[in-house]
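Colleague: I am new to reading models of this kind. Please take me through this one step by step, starting with the terms.

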Amino acid sequence: MMNLDIQQAWCRHWVRERLDIKPSGSLVLLIVDAKSDGTGLTRKHRQAVGKLTTELRWHFSHPVFVLLSIVDGPLKNDSMSGIVDEHIHLENSTDLCGWVGAANSLLLLSSQALSEQAGPILDTLSEIAMALRKPCNRVCLDGPSDSVACLDWERLHQAPTESRLSDPRKASIDFVSATRMLEESLNAGKMHSETGEVTVMESGRRHGFRQAG
């Protein structure tokens with residue numbers, strides 16, 4: 001099995017070549033699940049996302065903001081132009097895992113409260129981010145409170161404490177398992193009618209996933 005550090009170094013090289021990110025730059029990913037209704041983030045979310053990226057520019061060295069819209073078809077709108085540096089549509093788990101492996105920080109965006117309605121893919125991404133020792137915040141754009149005020153600033157730059165206390169030489173997940181978990185979540189809706197819903201924990205057990213720490 002390839003060493004986790006080597007895998008993530010390859011991911012960083014792949015993304016930085018694609019976007020021409022300087023070595024001193026920070027890759028900040030904003031990820032939204034746009035599969036359910038084909039719209040993803042709407043124009044009413046521009047202000048919230050714009051406030052996030054404006055504030056985050058004070059917390060990173062030369063940040064590059066990439067919005068990843070997870071899709072299984074064309075988006076009905078592309079309203080984040082001028083708010084983020086790049087808006088990329090992804091429909092496969094391999095590329096999604098590569099972007100996560102390359103990121104300096106993750107923000108998982110949802111228009112729903114943090115519940116089952118937020119979508120299984122965001123839950124899976126949160127678990128994988130912890131396993132790969134990636135700082136990760138969940139952001140509800142339609143919540144009653146200020147999305148910027150709800151951010152955990154420590155977790156913008158550091159993985160959760162449980163991960164930091166684990167042996168850094170031991171990977172808590174490998175990219176093959178992470179990709180399979182993402183694939184199951186991406187196909188959760190299709191699988192439901194045939195085999196029943198697969199939860200994140202069930203997926204993790206099936207592929208040997210163990211939480212860091």
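Modeller: Contact means heavy atoms within 4.5 Å. Helices (H or I, at least four residues) and strands (E, at least two) are DSSP runs, numbered from the N terminus. This is a predicted model, in which local features need pLDDT of at least 70 and side-chain atom pairs count only at pLDDT 80 or more, while totals for chains, interfaces and linings use all residues. Residues are numbered from 1 along each chain as its sequence is written, and side-chain values use heavy atoms, with hydrogens and water left out.

Colleague: How many helices and strands does the protein chain have?

Modeller: From the N terminus on, the elements run α-β-α-β-β-α-β-α-β-α-α-α-α-α. Counting by type gives nine helices and five strands.

Colleague: What percentage of the residues of the protein chain count as buried?

Modeller: Accessibility is sorted with a 1.4 Å probe on protein chains only: buried is under 20% relative accessible area, exposed is over 50%, and partly exposed lies in between. Of the 213 residues, the buried share is 50%.

Colleague: Which element gives the most to the largest nonpolar core?

Modeller: A nonpolar core is a set of buried Ala, Val, Leu, Ile, Met, Phe, Trp, Tyr and Cys residues joined through side-chain atoms within 4.5 Å. The largest has 36 residues, and Ile31, Trp99 and Leu125 touch the most other members. At least two residues each come from helices H1 (4-19), H3 (93-102), H4 (120-131) and H7 (175-186), and from strands E1 (26-33), E2 (63-70), E3 (86-90) and E4 (105-110). With six residues, the element that gives the most is H4.

Colleague: How many residues are in the other core that lies apart from this one?

Modeller: In the largest core, Ile31 touches residues including Leu68, Ile70, Val100, Leu122 and Leu125, not counting residues up to four places away in sequence. Apart from that core lies another, with Val32, Leu67, Leu107 and Leu151 among its members, and its number of residues is 21.

Colleague: Why can the buried residues of H1 be placed on one side of the helix, and what arc do they cover?

Modeller: The buried residues of H1 are Leu4, Gln7, Gln8, Cys11, Val15, Arg16 and Leu19. The arc is that of the directions from the helix axis to the C-beta atoms. These residues lie on the same side of H1 because their arc is only 160°.

Colleague: Which elements are included in what covers those buried residues of H1?

Modeller: Trp10 and Glu17, on the other side of H1, are exposed. The cover over the buried residues includes E1, E2, E3, H3 and H7.

Colleague: Which residues form one aromatic cluster?

Modeller: Rings of Phe, Tyr and Trp (its six-membered ring) pair if their centres lie within 6.5 Å; planes under 30 degrees apart count as stacked, over 60 as edge-to-face and the rest as tilted. Trp10 and Trp14, four residues apart in H1, are stacked at 6.2 Å centre to centre with 5° between the planes. Trp14, with a relative accessible area of 24%, also pairs edge-to-face with Trp99, at 5.8 Å and 65°. The cluster is therefore built from an exposed residue at 54%, a partly exposed one and a buried one at 0%, namely Trp10, Trp14 and Trp99.

Colleague: How many residues of H7 are buried?

Modeller: The end C-alpha atoms of H7 are 16 Å apart, which agrees with the expected 16 Å, where the expected span is 1.5 Å times one less than the number of residues. Phe175, Met181 and Leu186 are among its buried residues. H7 is largely enclosed by the rest of the structure, because the buried residues number nine of the 12.

Colleague: Which residue just after H1 takes a positive phi?

Modeller: Most residues other than glycine have a negative phi, and most peptide bonds are trans. His62, in the loop between helix H2 (46-56) and E2, has a positive phi near 45°. Arg133, in the loop between H4 and strand E5 (136-140), has one near 60°. Just after H1, with a phi of about 55°, comes Asp20.
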